[in-house]
Amino acid sequence: PRGLFATKNIRKGETVFVERPVVSSQFLWNALYNYRACDHCLRALETAEENAQRLLGKSSLVLPYPEQCSIRKDLHQQCPRCQVTYCSAECRQAALEQYHQVLCLGPSRDDPTHPLNKLQEAWRNMHYPPETSSIMLMARMVATVKQAKDKEWWIKAFSQFCSKTANEEEEIVHKLLGDKFKGQLELLRLLFTEALYDEHLSRWFTPEGFRSLFALVGTNGQGIGTSSLSQWVHACDALDLPMLQREELDAFIDQLYKDIEKESGEFLNCEGSGLYVLQSCCNHSCIPNAETSFPENNFLLHLTALEDIEAGEEICISYLDCCQRERSRHSRNKILRENYLFTCSCPKCLAQADDADVTSDEEEEGEGETDDAELEDEMTDV
C-alpha cells in the first residue's frame, strides 16, 4: 500500500536496515512446547545444547563446539513480583518502563480468575498453533499507552500502521478466529475491557474500535522466530575448519535436523509477533528483492537485499514463504486474498496472467501426478 523505496544503491547481500519493533509479544502457546524466551526481546533462554536436547527428547545429547553458543545464563533476570524471565537486566528494565507495570500479574500469576489470565485462556481456546498473532500484542499496545507520559505520541505511533475498511476488518477477524470462533470477538472484547480499560483509549474498547485494533495486529504483525540452536549452527558454519572436521560437523548437523524433524516436527523456534514501522511499509512481490530475518536471536529485524537495488527502486518483500511462491499464480493470489485482502500485480503475476485460473493442487490432480500424501503436504504449506 505505501511502499518503501531505496534512497541509495544497495548491493545484493547488503543489510538495508535493522529495525526494533514498536511493540512485540511471544505467542501464548510457546509454554505448551516448553519454549523459553525473553519476555521482552524474545531471545531464546536455553542454550543450543538444551534446545537440541528438548527438541530431540534426548538429554544425553552433546553438541560439539559449545563455545559457539551465545546464550549467557548468568545474565538472565526475573521480575521479582511475577517471575517472568528476561535475558538481561536491560530487557527487564525496558519492559518495566514500557508496559510491564500494567501487565505484571504479581502473586496472581497462577490465579485463573485474574482478568488478564481469563483473557489469555480465552485466546488459547480460540487460536491454535501455528499461531499467527497474539492477543497479548494488543494488550502490550494498551499497556504502553497507559504507562506513557506522552500518550498521544504512542497513539499516533500505532495509528501509522496500515488500516482497513470495516468490511476488510471483518474478513481479517474471520480469518484469524476461523469459522468456529468468528462470533467470539465480543467475548474477547469484554475480557479485554475488564483487564485493560483506559479512558484515553476508550475507542479501542468499543466494538468497532476493538475490531480495528484486532485487524491492525492481524494485518501488520510480523512473525518473529528465535532459536539458540539455529544461531549455533550459523556460528558453526562460519568456523574455519580443516576439510575432514568440516565434513564431520556438517554431517552431524544434517543428521541432527533430520532427527529433530522426526521427533518434534516443524515447531522448532520460540515464536511471537511484533509491529515494525519500516517493515510494514514494504509491499509484496512474488519475486522479492529483499527478505526479513532475525539473525541476532531476538526481536531485531534485519532486512537484507536479495539482489542489487538501485536508488529510487521499490524495496519489496514476499508475504508468502518459499514453497508458496513456487505455486501457480492462482494459488498465490488465493492465499494473498484470504490473508491480506489484495491481488498481486507483480511482474511474475503479470507474466502469468494468461495461465489457467486453477490452484496448483487442481493442476496436479488434473495431471494425475499427485498422490494424497503430497496433496496433504501442500495444504500444510498453505
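In this predicted model, Phe210 turns out to be buried, with a relative accessible area of just 1%. Phe192 is buried as well, at 0%. For both, the cut-off for calling a residue buried is a relative accessible area under 20%.

These two residues also meet through their rings. A pair of aromatic rings is described by the distance of the centres and the angle of the planes. The structure holds 11 aromatic pairs. In the pair formed by Phe192 and Phe210, the ring centres sit 5.2 Å apart and the planes are at 50°, so this one counts as tilted. The pair ties together distant parts of the chain, 18 residues apart: Phe192 belongs to helix H7 (residues 185-196), while Phe210 belongs to helix H8 (residues 207-220). Nor do the two stand alone, as ring pairs join them with Trp123, Tyr197, Phe205 and Phe214 into a cluster.

Further along, there is a helix pairing to look at. Helix H9 (residues 228-237) packs against helix H10 (residues 243-264) at an angle of about 160°, and their axes are 11 Å apart. Angles over 145 degrees count as roughly antiparallel, and H9 and H10 are therefore roughly antiparallel to each other. Their crossing is left-handed. On the H9 side, the contact is made by Leu229, Ser230, Trp232, Val233, Cys236 and Asp237; H10 brings in Arg246, Leu249, Phe252, Ile253, Leu256, Tyr257 and Ile260. Sorted by character, the residues of this contact come out as 10 nonpolar, one polar and two charged.

Terms used
Residues numbered from 1 in each chain as written. Predicted model: local features only at pLDDT ≥ 70, side-chain atom pairs only at ≥ 80, totals over all residues. Heavy atoms only, no water. Axes fitted to C-alpha atoms, helices over the stretch in contact; angles between N-to-C directions. Helix = DSSP H or I, 4+ residues; strand = E, 2+ residues; numbered from the N terminus. Parallel < 35°, antiparallel > 145°, perpendicular 65-115°, else oblique. Left-handed = near helix turned anticlockwise from the far one by under 90°. Contact = heavy atoms within 4.5 Å. Nonpolar A, V, L, I, M, F, W, Y, C, P; charged D, E, K, R; others polar. Phe/Tyr/Trp six-rings, centres within 6.5 Å; stacked < 30°, edge-to-face > 60°. Buried < 20%, exposed > 50% of the residue type's maximum accessible area, 1.4 Å probe, protein only.
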